[in-house]
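Me: I am new to this structure and would like a close look at a single part of it, followed outward into its surroundings. Please take the time to connect the pieces as you go.

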Amino acid sequence: EDRARAEAWNGPGATADGTAVKLLANVADGESARGAQGQPVEGVGLFRTELCFLGRAEEPTVEEQTAIYREVLDAFAGRQVVLRTLDAGSDKPLAFATLPGEDNPALGVRGLRLSFDDPGLLERQLDAVAAAAQQAGVQVQVMAPMVATVAEAAAFAAQVRERGLVAGIMVEVPAIALLADQVLEHVDFLSIGTNDLTQYAMAADRMATQLAHLTDPWQPAVLKLVAMTAEAGRRAGKPVGVCGEAAADPLLACVLVGLGVTSLSMAAAAVRSVGARLATTSDDQCARAAQAALGALDPAAAREAVLAVLA
Ligand code: PEP
Ligand code: MG
């Protein structure tokens, strides 16, 4: 029954009361963007640009990057596209960017941190994004991964806006969720990466299968960080989305909306089941589901409490 309803659902994302929830696709390159383009999504919420270059020994030229980014912009012409700057390092090493031999790569020089010692890589990527946006004649939103301080967010936003692009950052480090109000003075939007936010909040490696009970976005401590971030977004009048795997779980999606998140970005294949579930869930149920999940002591209890609210 759920499956039939999901297949019939055709967007746009909204609760049963008609409150809009933007549903977006996570994409890796032009090909996956073209694959997602026919799904009922309002755009791309996370273009993981590092995935375009995993096999490369050398940094692609600005011209080559421009052409690759344009493929995604063209697939989603007229729709929102959020492009993430290179998140190299840790679980996604790039030969031309990642530092070898780090003891603790998840806590090392990854994502935006690569630009501290070598700003050229980020500058060239932003030049390529700006060129692609100009050629395609569209507005592009750009966000940085692994931001940890307000100063990093401000410096990144300045570089992005210099090129006429819209600036945001990912919320993946708990420090940023705690300081979301201050960060929002400098950026236009936030996007919560629940995969890494969970890893860092719970101090549990996201690749360690034996720690799956800790690397679970249903952990109440993680949901509390999401709530803090969403509340700061509401105070600032700026959008706060979720682009981690949590957004693809229909029950958790209702919780995230109840916590105040305004968009959900996920693998395109998940969008119909999330959309169909939201469409049958009222604003009040989302709010009560969020409170129930926040009040639970562990993921299993949170799920159970949310199921009782949404039944
Ligand atoms: C995340 O951390 O939740 C995220 C969306 O980024 P990635 O999975 O690419 O690290
Ligand atoms: Mg991440």
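Which residues does Ala204 touch, not counting residues up to four places away in sequence?

Reply: This is a predicted model, and the account below begins at Ala204 before turning to the helices around the chain.

Ala204 touches Gln199, Leu211, Leu214 and Thr215, once residues up to four places away in sequence are set aside. Its place is in the loop between H9 and H10. Ala204 is partly exposed, because 18 other C-beta atoms lie within 10 Å, whereas a buried residue needs 20 or more. As for a distant part of the chain, Ala204 and Val309 are 105 residues apart in sequence, and 30 Å separates them in space, C-alpha to C-alpha.

The helix on one side of this loop deserves a careful look. Helix H9 spans residues 194-202 and is mostly covered, with seven of its nine residues buried. Those buried residues are Thr194, Asp196, Leu197, Thr198, Gln199, Tyr200 and Ala201, and Gln199 is also one of the residues that Ala204 touches. The cover over the buried residues of H9 includes strand S5 (166-171), helix H7 (174-178), strand S6 (189-192), helix H10 (220-236) and strand S7 (240-242). After H9 comes Ala203, a residue with a positive phi, near 50°.

H9 also has a part in the surroundings of ligand 1. The residues around ligand 1 are Leu46, Arg48, Asp87, Glu172, Gly193, Thr194, Asn195, Asp196, Cys243 and Gly244. Two elements, strand S2 (43-48) and H9, give two or more residues to this shell, and H9 gives the most, with three residues. Sorted by class, the shell around ligand 1 holds two nonpolar, four polar and four charged residues.

H10, which stands at the other end of the loop that holds Ala204, leads on to another covered helix, since H10 and S7 are among the elements that cover the buried residues of H11. Helix H11 runs through residues 250-259 and is mostly covered, with eight of its 10 residues buried; these are Leu252, Ala253, Cys254, Val255, Leu256, Val257, Gly258 and Leu259. Besides H10 and S7, the cover of H11 includes strand S8 (263-267), helix H12 (271-279), helix H13 (283-295) and helix H14 (299-310). Gly260 follows H11, and its phi is positive, near 110°.

Of these neighbours, H13 can be described in detail. H11 and H13 pack at an angle of about 95°, with their axes 7 Å apart, and they are therefore roughly perpendicular to each other. On the H11 side the contact is made by Cys254, Val255, Val257, Gly258 and Leu259, and on the H13 side by Gln285, Cys286, Ala287, Ala289, Ala290 and Ala293. By class, this contact has nine nonpolar and two polar residues, and no charged residues.

H12, another element in the cover of H11, is itself mostly covered, with eight of its nine residues buried. Its buried residues are Val271, Arg272, Ser273, Val274, Gly275, Ala276, Arg277 and Leu278. What covers them includes H11 and S8, together with helix H1 (2-8) and strand S1 (22-27).

A second pair of helices can be set beside the packing of H11 with H13. Helix H3 (residues 62-75) and helix H5 (residues 119-136) pack at an angle of about 50°, with their axes 8 Å apart, and they are therefore oblique to each other. In this crossing, H3 passes H5 in a right-handed manner. From H3 the contact draws on Val62, Gln65, Thr66, Tyr69, Arg70, Leu73 and Asp74, while H5 supplies Arg124, Gln125, Asp127, Ala128, Val129, Ala131, Ala132, Ala133, Gln135 and Ala136. The residues of this contact divide into nine nonpolar, four polar and four charged.

Arg70 of H3 gives a closer view of that contact. Apart from its neighbours within four places in sequence, Arg70 is in contact with Ala132, Gln135 and Ala136. Arg70 and Ala136 are 66 residues apart along the chain, and their C-alpha atoms are separated by 6.8 Å. Arg70 counts as partly exposed, because it has 19 C-beta neighbours inside 10 Å. Ala204, with which this account began, is likewise partly exposed, with 18 other C-beta atoms within 10 Å.

How values were computed. Residues are numbered from 1 along each chain as its sequence is written. Chains are lettered from A and ligands numbered from 1 in the order in which they are written. This is a predicted model: local features need pLDDT of at least 70, side-chain atom pairs count only at pLDDT 80 or more; totals for chains, interfaces and linings use all residues. Axes are lines fitted to C-alpha atoms, for helices over the stretch in contact, and angles run from 0 to 180 degrees between N-to-C directions. Helices (H or I, at least four residues) and strands (E, at least two) are DSSP runs, numbered from the N terminus. Angles under 35 degrees count as roughly parallel, over 145 as roughly antiparallel, 65 to 115 as roughly perpendicular and the rest as oblique. A crossing is left-handed if the near helix is turned anticlockwise from the far one by less than a right angle, and right-handed if clockwise. Two residues are in contact if their C-beta atoms, placed from the backbone, lie within 7 Å. Ala, Val, Leu, Ile, Met, Phe, Trp, Tyr, Cys and Pro count as nonpolar, Asp, Glu, Lys and Arg as charged, and the others, Gly among them, as polar. A residue is buried if 20 or more other C-beta atoms lie within 10 Å of its own, exposed if 12 or fewer, and partly exposed in between; C-beta atoms are placed from the backbone. A residue is near a molecule or strand if its C-beta atom, placed from the backbone, lies within 6 Å of it.
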